[in-house]
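Colleague: I'm new to this one, so could you walk me through it? I'll keep asking how you know things.

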Amino acid sequence: MSILQVKDLSIEFSTRNGGVKAVRGVDLWMNKGELLGIAGESGCGKTTTALSIPRLLPNNATITGGSVVFDGQDLSKLSEAEMESIRWKEISVIFQGAMNALNPLRTVGHQIAEPILLHEPGVSKKEAEERAKALLEEVGIAASRYTNYPHEFSGGMRQRVMIAMSLACNPKLVIADEPVTALDVMIQAQILDLLRKMKREHDLSMIMISHDLSVLSELCDKIAIMYAGKIVEFGDAREVFTKPRHPYTIRLMKSYPNIYGEKTFVSGIPGYPPNLIHLEPGCPFVDRCEVCMEECRHREPVLSEIDDDHYCACVRGE
Amino acid sequence: MKNKNSVLSQLWKDHMGKAGLILLAIVFVMAILGPMVFPFDSSQTAQSSSEILNAPSVEHWLGTDDMGRDVFRSLLFGARISLFVGLMATLISIIVGTIVGLVSGYYRSIISVILMRITDVFLAIPVLPLIIVLAAVFGQSIFITIMVIGLTSWPSTARIVRSQVLSIRERMYIERIKNLGASDFRLMFRHVFPNVLPLIYANTVLVIAGSILSEATLAFLGLGDPVNVSWGTMLHYAFVSGAMGRGAWWYIIPPGVGILVIVLGFTLAGHCLDEITNPKLRRV
Amino acid sequence: MQQDKESKKTIIECRDLEVRFDVRKKQKGGKKMVVRAVDGVSLDIREGEILAAVGESGCGKTTLGKAILNIIKPTSGTVLYRGRNMAELDKKEMQKTRSKMQLIYQDPYESLDPGQTAYKTLEEPLLIHRKDLNTKERHDLIMKQLEAVGLVPADIIAERYPHQMSGGQRQRLSIAASVILKPDFVVADEPVSMLDVSVRAGILKLMMDMQEGNALTYLFISHDLSLTWMIADRIAVFYLGKLMEIGDAQAIVHNGYHPYTRALVSVIPAMAGTKKPEDRHVLTGETPAATDVPKGCRFHTRCWMHMEKGCPPICSECEPALREVGEGHMAACHFNREGLPFEEVLNEE
């Protein structure tokens, strides 16, 4: 059953230097209970795309086109007040680096209970506290630490608090933006295991954004690879990772050392991503693509089905 | 480092900055060209009492003062004095404040402690008693005024510079260049100081505003230079000669507005400059 | 033993190196708290090799690197550079040594002076250490260096400020500033962790190119085990200020003897479709604070082996010494037996 359908989404940022076309006609969809991973490097538009779903974009961003249908409802048609009732209750977000944005003057327990009190007016303070304590236990923190302050926790534990906070109102969809990026590799593994567990126990659908493809490959059911504001490859994670088709995906995967393979140097991708203010016509990857053809310079490829649950935006694949 | 041209154009683009620049332009033109075109001689006093405190006329555009002198020319001359005192006092303040701030912020040793205590002492010196004492000993002159304002305003610059130096000192690039074998001197003047400079520029402009206001205040209280008549002195004489009671608005309002314009000009420009040099303050 | 294998000279030797910091807060007992950042490390770095120092945050790898370069003064122990004790060098010799040992920083933006152009950034080391060069010679050397690190066209990039360059370009400039004095030892502190994945390979390749013809030795500090496996000759694994295991990169990753090493390798996220072992050891809890190092083997509080084998008392009483477990491969664990493969150690009673 489909829970999210993004069609032809386009978002532009107005800056001093001009309009930055951060997202350019993005198509995405996911079913209930799935974990969708959005991967890409800095500036590709992954965070902007994901945060546009609960409409949490900065003031200078405008959605210039497309639709976002969540659980049957077209979110782009809702007013701000209606969106407020959806945020946190239906869709919650774990922001990037949020573990460093906890209010230092409030106890951790209070900060978990806060969304409950804000979004569920009928709930009493006592009940909210009970629920918060239960969430703390679920994420592996003793309930007695309800009265501790953020500075008394380590980075990994603060991220657990953020996860608990995101689950406070029992949402249907959780968007996690680089949830393990700043953490040590062992804590990373712990947090990923925790996210898997929470997803299972709370019957959640999840979107995870990361620049680390290897982290996503362990966790996701579906994967979307973004480049220069567009989805270049999308589909079932196993399919995409075992049989990548887009030249960018292939090169990107090859940029990760594989300890189970030969001890050789990875290749990386020479060159730079294109300027999103003054875009050249044609495929944005053209200057860095090994297999580009003359046609690639003239028309931008569309995301099309190349296999069962496997889509690719490449002229060669069409 | 941004070159001067782009900073000026940035000031001009901002509303606040533009307003400040315009006001300053007016004042500078008055101060520089004014007395050249309309020379003022403070010794040329009235011959008869009929020339005292006359209302504006064709001959005297802003009337005459309590000594029968032309207020308009006095105003133009006063612009020069006010500006001169403000700028000179600021020069002392900034030079002393920057050196103290730089050295006390850079070194962590006893030097820093001593300098900070000296700063505290100067911070505590009350302006009024100081100028009264100095004026009593050396006589009233603009140089006394400049000294007093300079000596009592450098501590706040020192504090600001010091805190900026303290934060720059911890930056990674300072550690890197230090480990390259750079001497303290090199680090201070080639790496720390240039990165504090934008802050100093912004602070300087605001200090000028403050100095001019200080001078106006001191002069109004009668502690200014009786010969080099600044706007504050004009207001002082207006007050003591009873111009207010006589309704001689032409003597009171122009210098008052003048002070307002010059202080506002520097303040607006200074705040705008602060925003330009410190991106965190920018109003998006 | 190791001496026979060494056809290469040792360039850096650390003997019982310790770096401790005093903390202002006092413990409940009134004793002053001490952070044992580097707690007795002895190792040799061979000329021309890339030795990786791997571990999680707080393990002391960065502090070790800085202590070797004398940026942070060691509290005790010695560092020998080409056989000479660094602590005994006079000011002049120290200055000369400084130019031979450099550090590449993690953050490509913070490590550059924002007010200096690329040209000025590269000129600085020359002005300090190569006073024998005149302006033209300096200019030529700087241009050549820019080209050598791939910052072309050199004359255009030379006039750029850091904020006008990309992350990869800034890091290249950082590297250029480090190698322009032709050092023979460079500590690279997480040089690519703040860069995009596709850019990393280029920077790493550049670092390796700098080695050729220059006889350069690297101490490569990183938390990324798969990256260091790819680039390093040997890997040293650190935990809470002490060396847990050291050996050839392949041996450490595929045949680690220390349970911590094994745990780290097992949680490396592998791209789907690549082979993965069944045993995944996600350690519970977090690394203890460096002010409160566990007694005995400092890893025993989280050691999965310790728990599997019924928590033998020796682990909480006695700190294991580094022992040889294979050729050029040493580990500090009570369970290891020389010559015995790890799997058999696991099955031992």
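Colleague: How many residues does the contact take from chain A and from chain C?

Modeller: The contact takes 38 residues from chain A and 31 from chain C. Being in contact here means that the C-beta atoms of two residues, placed from the backbone, lie within 7 Å. Before we go on, this is a predicted model, where local features need pLDDT of at least 70 and side-chain atom pairs count only at pLDDT 80 or more, while totals for chains, interfaces and linings use all residues. Residues are numbered from 1 along each chain as its sequence is written, and chains are lettered from A and ligands numbered from 1 in the order in which they are written.

Colleague: Which helix gives the most to the side of chain A that touches chain C?

Modeller: That's α6(A), with six residues. Helices are DSSP runs of H or I with at least four residues, strands are runs of E with at least two, and both are numbered from the N terminus.

Colleague: What other pairs of chains should I look at?

Modeller: Two pairs of chains are in contact, and chains A and C share the most contacts. Between chains C and B, 18 residues of chain C are in contact with 13 residues of chain B. On that side of chain C, α4(C) gives the most, with four residues. Chains A and B have no contact joining them, and their closest C-alpha atoms lie 10 Å apart.

Colleague: What makes chain A agree with a compact globule?

Modeller: A compact globule of 318 residues would have a radius of gyration near 20 Å, and chain A has 20 Å, so the two agree. The radius is taken over C-alpha atoms, and the globule rule is 2.2 Å times the number of residues to the power 0.38. Chain A has nine helices and twelve strands, and its C-alpha atoms fill a box of roughly 65 × 50 × 40 Å along the principal axes.

Colleague: Why is A:Trp29 called partly exposed?

Modeller: A residue is buried if 20 or more other C-beta atoms lie within 10 Å of its own, exposed if 12 or fewer, and partly exposed in between, with C-beta atoms placed from the backbone. A:Trp29 has 16 within 10 Å, so it counts as partly exposed. By the buried cut-off, 47% of the 318 residues of chain A are buried.

Colleague: Where is A:Trp29, and which residues does it touch?

Modeller: A:Trp29 is in strand β2 (residues 18-31) of chain A. Leaving out residues up to four places away in sequence, A:Trp29 touches A:Ser2, A:Leu4, A:Gln5 and A:Val6.
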